[in-house]
Amino acid sequence: MFLYIFISIGIVVLLLVMGFFWLSHWTKKPDADYVLKFIAKNPERASLSVIKNGKSLVNVQSNRLLSLASTVKIIIAIEYAQQAAHTEIDPAERIKTDDLACFYIPGTDGGAHEAWLKTMEEQGRLQNGTVSLVDIAKGMISHSSNANTEFLIMWLGLDKINANLEKLQLSSHEQIYPFVSALFIPYEIAHQKKLDIHDKKDAKKIAAYIEDISQTAYIEESIRIHDKLIQDIKGDYKNKVNIKAWHNIAFDRLVSKRFVRSTASEYVSIVRRMNEGVYFSSRIWEQLQPIMEWPMNGKRNQRRFKSLGGKGGSTAYILTYAFYAEDKQGNKTELAVFFNDIYGYETVKLSNSSSVFQSAVLTDSPDWDNKLKNFLDR
């Protein structure tokens, strides 16, 4: 009797282990078709817009407001390019990395900022503890450094950055705010309400309060914290907050829900302006192109495309990207894909499949054009 029980338990454990390894292998394997299938099955959590040679190829929920994650940094890059073109800022100005460190929160950016600093050092662009302003802007896009982003929000001015939403006729786009600073909001709420953020019951109360406050109040709080970080040269405030000690899944999910939202339709319109090469003046494009077309640093992309640029973003619950390309035959394609409220294996599988999906769509392929039309046209 006991032998059969032990054998049964052993079989169940074995099946669970095998299932875990299969799922792990499956999620790591890139699959462009999975992206399409996910969008088709989950239109309430996904949005897609593709334009090929000036004509809309496919739209799925492309006017649905969804959280942007780091794809929103495209707007900041545009403002940087405008100010550089009009000599309001100097791209060659040297900035202390300590000034960037005010906005760096370890463990919240997937190692992006540290990876960027390492690249700057390897390329000899990090000199005497300083980097150029243009390299900061490039690092915001190519490496997705959140610290660089928050610094540029300060340097360029939030009002000027947000003014681009009207200039670009992005009527649905929500106001941009210092989203790194927003990570500290639970701590500030705990302090204001005299709650212990380390206590589970109090943490739930804090999360509930954040969920109930208006977006305007949320943005105002993030700006107030941003101003604190600007003055936090020695890091005393960040050390006091000690975000690692209390940040949890519930707070992380709230950040994703509160993130700036826009639509795939609006972002495909932005990258289309870049791909057409007529919207931005030559002076602005001269500043913007090297930032946006960071993928062209790769030799493989140089062999396949005349131009390729864009930006993606992700959290545990969000995956977004907007790209444009012109292939060697002169075909121009623009792509914007947004996923919200994804989790677990979905996030991993979609993230690992993003590059192959982008490649399939942006490379001129009649098979994929037909696949998009037939599979997703609705």
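These legends go with close-up views of a predicted model.

**View 1. A hairpin built from strands E1 and E2.** Strand E1 covers residues 46–52 and strand E2 covers residues 55–60; the two run antiparallel and are joined by 5 bridges. If you want a landmark for the pairing, look for Val50, which sits opposite Val58 of E2. Just 2 residues separate the two strands of this hairpin. In the turn you'll find Asn53, with a positive phi of about 50°. As background for the pairing, side chains in a regular strand alternate between the two faces of the sheet.

**View 2. Lys73, a buried lysine without a salt bridge.** Lys73 belongs to helix H3, which spans residues 73–85. What is the nearest side chain of opposite charge to Lys73? That is Asp109, and it is 7.9 Å away. So what does the Lys73 side chain have for company, given that a salt bridge needs a distance within 4 Å? One partner is Asn146: a polar contact of 2.8 Å links the side chains of Lys73 and Asn146. Leaving aside residues up to four places away in sequence, Lys73 also touches Met140, Ile141, Ser144, Ser145, Thr149, Phe179 and Lys311, among others.

**View 3. Ala69, a positive phi in a buried loop residue.** Ala69 is found in the loop between strand E3 (66–67) and H3. Its phi is near 55°, a positive value in a residue that isn't glycine. For context, most residues other than glycine have a negative phi. Is Ala69 buried or exposed? With a relative accessible area of 2%, Ala69 is buried.

**View 4. Glu121, Asn128 and the stretch around them.** Glu121 is part of helix H5 (residues 112–122). Because its relative accessibility is 56%, Glu121 counts as exposed. Val131 is 10 residues from Glu121 in sequence, and their C-alpha atoms are 9.5 Å apart in space. The loop between H5 and strand E5 (130–132) holds Asn128. Asn128 is another non-glycine residue with a positive phi, about 50° here. Asn128 is exposed, with a relative accessible area of 82%.

**View 5. Helix H8 and its buried face.** Which residues of H8 (residues 158–167) are buried? They are Leu158, Ile161, Asn162, Asn164 and Leu165. Looking down the helix axis, these buried residues stay within an arc of 130°, so they line one face of H8. The general pattern is handy to keep in mind: an α-helix has 3.6 residues a turn, so residues three or four places apart point the same way. Turn to the other side of H8 and you meet Asp159 and Glu166, both exposed. The cover over the buried residues of H8 includes H3, helix H7 (146–156) and helix H11 (215–231). After H8 comes Gln169, with a positive phi near 60°.

**View 6. Helix H9 and what covers it.** H9 runs over residues 185–193, and its buried residues are Ile185, Pro186, Tyr187, Glu188, Ile189 and Ala190. Which helices are included in the cover over these buried residues? Helix H10 (200–212), H11, helix H12 (236–241) and helix H13 (249–258) are among the elements that do the job. H11 thus turns up here as well as over the buried residues of H8. Lys194 follows H9 and has a positive phi, near 55°.

Terms used:
Residues numbered from 1 in each chain as written. Predicted model: local features only at pLDDT ≥ 70, side-chain atom pairs only at ≥ 80, totals over all residues. Heavy atoms only, no water. Pairing = 2+ DSSP bridges. Helix = DSSP H or I, 4+ residues; strand = E, 2+ residues; numbered from the N terminus. Buried < 20%, exposed > 50% of the residue type's maximum accessible area, 1.4 Å probe, protein only. Lys, Arg positive; Asp, Glu negative; His and termini not counted. Polar contact = N/O pair within 3.5 Å; in protein donor to acceptor, adjacent residues only side chain to side chain. Contact = heavy atoms within 4.5 Å. Arc of directions from axis to C-beta.
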